[in-house]
Amino acid sequence: MSARVAVLAGSGKTGQAVRRGLAARGVDSVAVGSAAWATPADLAAALRGCDAAYLIAPNLHPDEPDHVRRALAAAREVGIERVVHHSVAAPYVPVMPHHLGKAVAEHVVRTSGLAWTVLQPCAYTQNLLPGVADGVLRVAYDPDAPFGLVDLDDVGEAAAEVLVGDGHVGSTYELGGPTLVSVHDVARAAGDVLGREVAVERTTPEEWAAGEGAGLDERPREWLRAMFAYYDDHGLPTGAVPLTALLGRAPTPVADVVRRELT
Ligand SMILES: NC(=O)c1ccc[n+]([C@@H]2O[C@H](COP(=O)([O-])OP(=O)(O)OC[C@H]3O[C@@H](n4cnc5c(N)ncnc54)[C@H](OP(=O)(O)O)[C@@H]3O)[C@@H](O)[C@H]2O)c1
């Protein structure tokens, strides 16, 4: 059992969910933010006193394998032996650079000599809630493409289980919601819960890059455009079996996430 967990990027939306999951299991955690990365000594100091580290790289990090390598070096320096890497569903997708970075980072974790677990969550249901709240889900990919959208709170609960429970060292778990859903399915489910129409508007990745994405720096814009193009062709189907086992119950459906977060 981990008595104190360092959650890297612990102030972000994923990190906060992981910390809530740990708190619900009575486990103390500390958020390690960007300021701790100034020097290797600073990072080691931020991790000192912890028994385990939950490794989250900032979204669209330009070099996630190096980021993870540095985190593991600091963990090793202060005697942390238990690590969990927050990856993504389908990490080995060469046309999506940020997924590929996670695939390589997973290899770095598995060959670190530490006691590792890898979690591979699908896209969070929560990503679509701002559009649901506005009444229009605008997406730059096929709104009928299949996703295993997962509740971020379920992800936090599963993260706590792999850190606290027995038998998870050396495991890689895909984390998908209870059924495969499309954006149209989300709009329908949300509309039923809220009692008003939630529309769906489709743009192309190119239109997104010239519009909404125009304010981003070129690299993250191109990486997201590549992600939308992949989603357009394939979605991100992710199964529910590992998450069901970790939670000891069915994962939370989209309608329940909408009800909990928006009513
Ligand atoms: N969104 C999804 O659907 C989804 C699905 C699967 C996996 N993921 C993965 O989950 C991870 C976290 O995503 P998120 O949306 O939760 O992130 P987020 O909310 O943007 O997280 C921001 C966090 O990153 C830290 N941070 C920012 N720049 C940093 C730097 N240069 N060095 C170290 N820490 C830095 C911030 O610390 P400060 O506050 O101190 O600046 C903050 O704690 C990503 O790797 C993403 O790929 C996301």
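In this predicted model, a polar side-chain atom of asparagine 127 comes to 2.8 Å from an oxygen atom of the ligand, and two further residues place polar atoms at similarly listed distances from ligand oxygen: serine 11, through a polar side-chain atom at 2.7 Å, and tyrosine 124, through a backbone N or O atom at 2.9 Å. The ligand on its own would expose 940 Å², and the protein buries 74% of that area.

The shell from which these contacts are drawn consists of 23 residues around the ligand, the closest being Ser11, Thr14, Ser34, Ala57 and Lys102. Sorted by class, this shell holds 10 nonpolar and 11 polar residues, together with 2 charged ones. Serine 11 thus appears both among the closest residues and as the source of a polar side-chain atom 2.7 Å from a ligand oxygen.

Turning from the ligand to the fold, the model contains an open sheet of 6 strands, arranged in the order S2-S1-S3-S4-S5-S7 and paired in the parallel sense. Strand S2 (28-32) and strand S7 (171-175) form the edges, and each has a single partner strand, so one side of each is left without a neighbour in the sheet. From one strand to the next, the twist averages 20°. Strands of a sheet pair through backbone hydrogen bonds, and such pairing may be either parallel or antiparallel.

Two of the pairings can be followed residue by residue. Strand S1 (residues 4-8) runs parallel to S2 and is joined to it by 5 bridges, and within this pair arginine 4 has aspartate 28 of S2 as its bridge partner. The connection between these two strands passes from S1 through helix H1 (residues 13-24) to S2, making a β-α-β crossover that is right-handed. Thr14, one of the closest residues to the ligand, carries a number that falls within the range given for helix H1, residues 13-24.

The second pairing joins strand S3 (residues 52-55) and strand S4 (residues 82-86), which are parallel and share 4 bridges. Here leucine 55 is matched with histidine 85, its bridge partner in S4. In the strand order, S3 stands between S1 and S4.

Methods:
Residues are numbered from 1 along each chain as its sequence is written. This is a predicted model: local features need pLDDT of at least 70, side-chain atom pairs count only at pLDDT 80 or more; totals for chains, interfaces and linings use all residues. Side-chain values use heavy atoms; hydrogens and water are left out. A residue is near a molecule or strand if one of its heavy atoms lies within 4 Å of it. A polar contact is a pair of N or O atoms within 3.5 Å; within protein, one must be able to donate a hydrogen and the other to accept it, and residues adjacent in sequence count only if both atoms are side-chain atoms. Accessible areas come from the Shrake-Rupley method with a 1.4 Å probe; for residues, only the protein chains shown count as cover. Ala, Val, Leu, Ile, Met, Phe, Trp, Tyr, Cys and Pro count as nonpolar, Asp, Glu, Lys and Arg as charged, and the others, Gly among them, as polar. Two strands pair if DSSP finds at least two bridges between them. Axes are lines fitted to C-alpha atoms, for helices over the stretch in contact, and angles run from 0 to 180 degrees between N-to-C directions. A crossover is right-handed if, with the strands pointing away from the viewer, the path from the first strand over the helix to the second runs clockwise.
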